[in-house]
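Biologist: I would like to go through this model before planning anything at the bench. Please take my questions in turn.

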Amino acid sequence: LHIQHALKQTEVQKKYHKPHAQAINSFLDEEEQRRLEKQHREEEEILYKEFVNIRMKEEEKAIKGIQEEWEVELSKITAKFERDLQMKSKNKEDQKVLTLKYAKEKDMFEKNM
């Protein structure tokens, strides 16, 4: 049963004749085709260079933004640490705790950046 279906389908397909693709030579001269391909490659190269330049500028902008954010957050953490250190400067144990707390906050912020 399955074989009969396949045979019938093959017969139906044979009735429909597909036109064969014509060679490119029948449409364009070889030199013209080469010239067009070269032009296309040059245009692609120009577009790719523009894309790379734009991408590099965006990357530099992102890195600069991250660096600025890092500096702002670091200055906030440092100011907080110094303020807390001045308030609790009497006890050496408190200073050690604040130093460890500051180091942990800095490390945590570095991981998030």
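The questions below cover the fold, the core and the salt bridges.

Modeller: This is a predicted model, in which local features need pLDDT of at least 70, side-chain atom pairs count only at pLDDT 80 or more, and totals for chains, interfaces and linings use all residues. Residues are numbered from 1 along each chain as its sequence is written, and side-chain values use heavy atoms, with hydrogens and water left out.

Biologist: What pattern does the protein chain follow along the sequence?

Modeller: Helices (H or I, at least four residues) and strands (E, at least two) are DSSP runs, numbered from the N terminus. The protein chain has three helices and zero strands. Read along the sequence, the pattern is α-α-α.

Biologist: Which residues make up the largest nonpolar core?

Modeller: A nonpolar core is a set of buried Ala, Val, Leu, Ile, Met, Phe, Trp, Tyr and Cys residues joined through side-chain atoms within 4.5 Å. Buried means under 20% relative accessible area, exposed over 50%, partly exposed in between (1.4 Å probe, protein chains only). Helices α2 and α3 (92–112) each supply at least two residues of the largest core. Its six members are W70, I77, F81, L98, Y102 and F109.

Biologist: Which residues are linked with R34 in a network of salt bridges?

Modeller: A salt bridge puts a side-chain nitrogen of Lys or Arg within 4 Å of a carboxyl oxygen of Asp or Glu. R34 has its closest N and O atoms 3.5 Å apart in the bridge with E30, and 3.3 Å apart in the bridge with E31. R34 and E30 are four residues apart in helix α2, so about one helical turn separates them. The residues linked with R34 are E30 and E31.
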